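User: I would like to learn how to read a structure feature by feature. Could you take me through one?

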Amino acid sequence: MAKLNLLLLAVLIACALGLVTSQNKARQLFSEVEQAQDHAHQLNVEYGQLQLEAGTWGQHARVQKIAREVLGMHTPDPANVRIIMPAGEPAH
Amino acid sequence: MSRAATPALVRLPVWRARFVLAAFLAGFALMVGRSVYLQALKTGFLREMGEARYSRVLEIPATRGRILDRNGEPLAVSTPVKSVWAVPGDVHASPEQLQHLARTLGLGLRELKKRLADTSHDFVYLMRQIPPAQAKRVAELDIPGIYQDQEYRRYYPAGEVTAQLVGFTDVDDAGQDGIELSYQSRLAGRPGSRRVIRDRLGHIVEDVGSVRAARDGKDVTLSIDGKIQSLAFSALEQAVERNKAKAGSVVVLDVRTGEVLALANMPSYNPNNRAQLVGSELRNRALTDAFEPGSTLKPFTIATALELGKITPLTRIDTDGGQIRMARYTIRDAEPDGVLSVTQVIQRSSNVGAAKIALTLPPVAMWDTFRRVGLGAPPPLDFPGETAGIVRPYRSWRPIEQATMAYGNGISVSLMQLARAYSIFARNGKLIPITLLRTATPVTGTQVIPARVAHEVRDMLETVVEPGGTGPRARIMGWTVAGKTGTAHIAENGGYAAHKYIASFVGFAPASAPRLIVAVMIDQPGGKDYYGGLVAAPVFAQVMQGALRMLNVPHDAPLVPIEPVPAEDSKEDA
């Protein structure tokens, strides 16, 4: 009887230690998940900001101004335009 | 007393033992009572207090959806910002730290010290809505008593170009105007919450209880094309400036899908900085303001008469030298003419001709046409503050009113209604439903007038932009154009103001296979020109030309430069 009790005691201690370890592990993993989620959120925020920045740099008025003034671009003269119609339709 | 002493038998009084027993029993009863009280009666409260020591309810923030143009370019985006606040009594910082803090926040050192000196409050904002990078530098200073909150701020990259259309949100991120308001329920996110256990260092170690997930707001994709919108806005801005006008609007519709490709208004404002906002800048005039359209309404009168067989495009109308008297009113033409064909009545924009044609029609027929093309009812756009315009019931029309309504007086419409109504000429008699959301699927529309009549009117509208018409400045290189000018006196105090006009032009192109409808309205041009053909038609041409090129619409006219036409030809009077 005493032997059985000792055995059960040993099993009990092993189980208790197992519980503690797994709980600790679970908490560590949980905190990693938390960090990963935080990171994902931050990246999302950054994506939004970059989108905003791209939108601001890509303003049509700004692009047009730079194209005209800095790059010296302009709409082609009618004389320099040739229109090709699909499937050989007559062009005007 | 020593332990070695032999205990002597002492006879103690009985009451002492009883007293001790009673004291024990009383103590026991007290304990039982207390434990019942704690375990059974106050258990909920105690459990709560216990949990409060280690568990917290955290809010899971949800972001508001974006508003995008049809190509996915952002028109409104929410981005998180931080607000820095302090508990003045708890702040312990060295002078260098304070200096750092002031510099990081972009705040004067004296101002900062003043705010922190006021220890009578437990809460004072140091700076609201600063970018996260700046907030991080503040956090790195690690000053006790200084805290941060997350907030969201809405940014509008397109600024004033789409201001009235997109609208804006208030500090709580709720829509206040425009699309932000009408699609509030779709855009708004729903924040979630969860209960967690934190350890001594504040790390979250476990989720407990149920998690209510946050639901981010959904994006709204508009039918607006950013490039065409930008073009329409800058063309309108230039025209309003050049003509010293009070206001103006431009609408661009896709004839095939009913999508609104551009919707621009002047004056405008910068939605990112609304400090000096005034009411007139706020209105989306093209939708919320009704005006008497003037001659741009004539084609509908003519179409009704053609449909009823009262006239053909070649019927001769005597315009009586440019004026007729009715009751105590006189209807005048800007340029007196003699006998005109119906086509010429449109081309030359003769009020007398249109009035005479209208008087051959039963009032109910004209009223019916106006209603069937969508006038007098708000366009189904689901936009806040849309006007229905005014089309009075035909039973109350007097003959003079019927005559003036033929050329767009005594009836009021919004620019959007007018643009949409012109779809019956562009779509062979069909009125198209319109939308502010991207659809990209062709719509069928409902037949309002016979296709034959639509074609006849379209041919007349093409003559308007030819030399001899009122709108030659609406011509563009490479595509044929059909449209109508309008110059209307502004109704004021029961009469018409002598020198206040609304100049307009509504038309479509390519005339052979219409793709776009462009409507332009310029309110009270203050320069020497005020005719629709001189003020509004050039804006139409600029927007139409650019938009057709951007959409790669095949040319239907030779690519030769347009010869300038003298201003004299663009006169009209309604």
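Analyst: We will go from the chains to a sheet, then to helices and the contact. Note that this is a predicted model.

User: Start with the chains. How many helices and strands are in chain B?

Analyst: Chain B has 21 helices and 19 strands. Its radius of gyration is 37 Å, well over the 25 Å that the globule rule gives for 574 residues, so chain B is more spread out than a compact globule. Along the principal axes, the C-alpha atoms of chain B fill a box of roughly 150 × 55 × 45 Å.

User: What share of the residues in chain B is buried?

Analyst: Buried residues make up 44% of the 574. Sequence separation is worth reading too. Take contacts in chain B between residues at least 6 apart in sequence: 72% of them join residues at least 24 apart.

User: What does chain A contain in helices and strands?

Analyst: Two helices and zero strands. The radius of gyration of chain A is 36 Å, against the 12 Å that the globule rule gives for 92 residues; that is well over, so chain A is more spread out than a compact globule. The box for its C-alpha atoms is roughly 110 × 40 × 15 Å along the principal axes. Of the 92 residues, 1% count as buried.

User: Now the sheet. How do I read one?

Analyst: Begin with the pairing. Strands of a sheet pair through backbone hydrogen bonds, either parallel or antiparallel. Then read the order. In chain B, an open sheet of five strands runs S10-S9-S19-S18-S17, with antiparallel pairing.

User: Which strands stand at the edges?

Analyst: Strand S10 (260-266) and strand S17 (482-492) of chain B. Each has a single partner strand, so one side of each is left without a neighbour in the sheet. Neighbouring strands of this sheet are turned by 10° against each other on average, direction ignored.

User: Is S10(B) enclosed or open to the outside, and what is the evidence?

Analyst: Seven of the seven residues of S10(B) are buried, so S10(B) is largely enclosed by the rest of the structure.

User: How many bridges join S9(B) and S10(B)?

Analyst: Six, in the antiparallel sense. The two strands form a hairpin with five residues between them. In that turn, B:Gly258 has a positive phi of about 75°.

User: What pairs with S9(B) in S19(B)?

Analyst: Strand S9 (residues 247-254) and strand S19 (residues 516-523) of chain B pair antiparallel over eight bridges. Follow one residue across. B:Val252 stands opposite B:Val518 in S19(B). In S10(B), the bridge partner of B:Val252 is B:Ala262.

User: And how are S17(B) and S18(B) joined?

Analyst: By 10 bridges, running antiparallel. B:Gly483 stands opposite B:Gly507 in S18(B). The hairpin of S17(B) and S18(B) has two residues between the strands, and B:Asn493 takes a positive phi near 45° there.

User: Which strands does helix H21 of chain B lie across?

Analyst: Helix H21 (residues 537-550) lies across S9, S17, S18 and S19 of chain B, at about 150° to S19(B). Helix H19 (residues 451-464) of chain B lies across S17 and strand S18 (495-509), at about 80° to S17(B).

User: How do I read a helix pair?

Analyst: Two packed helices are described by the angle between their axes and the distance between the axes. Take helix H3 (residues 95-105) and helix H5 (residues 132-141) of chain B: their axes come within 10 Å and cross at roughly 175°. H3(B) and H5(B) are therefore roughly antiparallel to each other. The contact includes B:His100 and B:Leu101 of H3(B), and B:Arg137 and B:Val138 of H5(B). Its residues divide into four nonpolar, four polar and one charged.

User: Last, how many residues does each chain give to the contact between them?

Analyst: Chain B gives 24 residues and chain A gives 17 residues. On the side of chain B that touches chain A, the elements giving two or more residues are strand S3 (74-86), strand S7 (204-212) and helix H9 (226-242). That side of chain B divides into 14 nonpolar, six polar and four charged residues.

Note on methods:
Residues numbered from 1 in each chain as written. Chains lettered and ligands numbered in written order. Predicted model: local features only at pLDDT ≥ 70, side-chain atom pairs only at ≥ 80, totals over all residues. Contact = placed C-beta atoms within 7 Å. Helix = DSSP H or I, 4+ residues; strand = E, 2+ residues; numbered from the N terminus. Nonpolar A, V, L, I, M, F, W, Y, C, P; charged D, E, K, R; others polar. Pairing = 2+ DSSP bridges. Axes fitted to C-alpha atoms, helices over the stretch in contact; angles between N-to-C directions. Rg over C-alpha atoms; globule rule 2.2 N^0.38 Å. Buried ≥ 20, exposed ≤ 12 C-beta atoms within 10 Å, placed from the backbone. Parallel < 35°, antiparallel > 145°, perpendicular 65-115°, else oblique.
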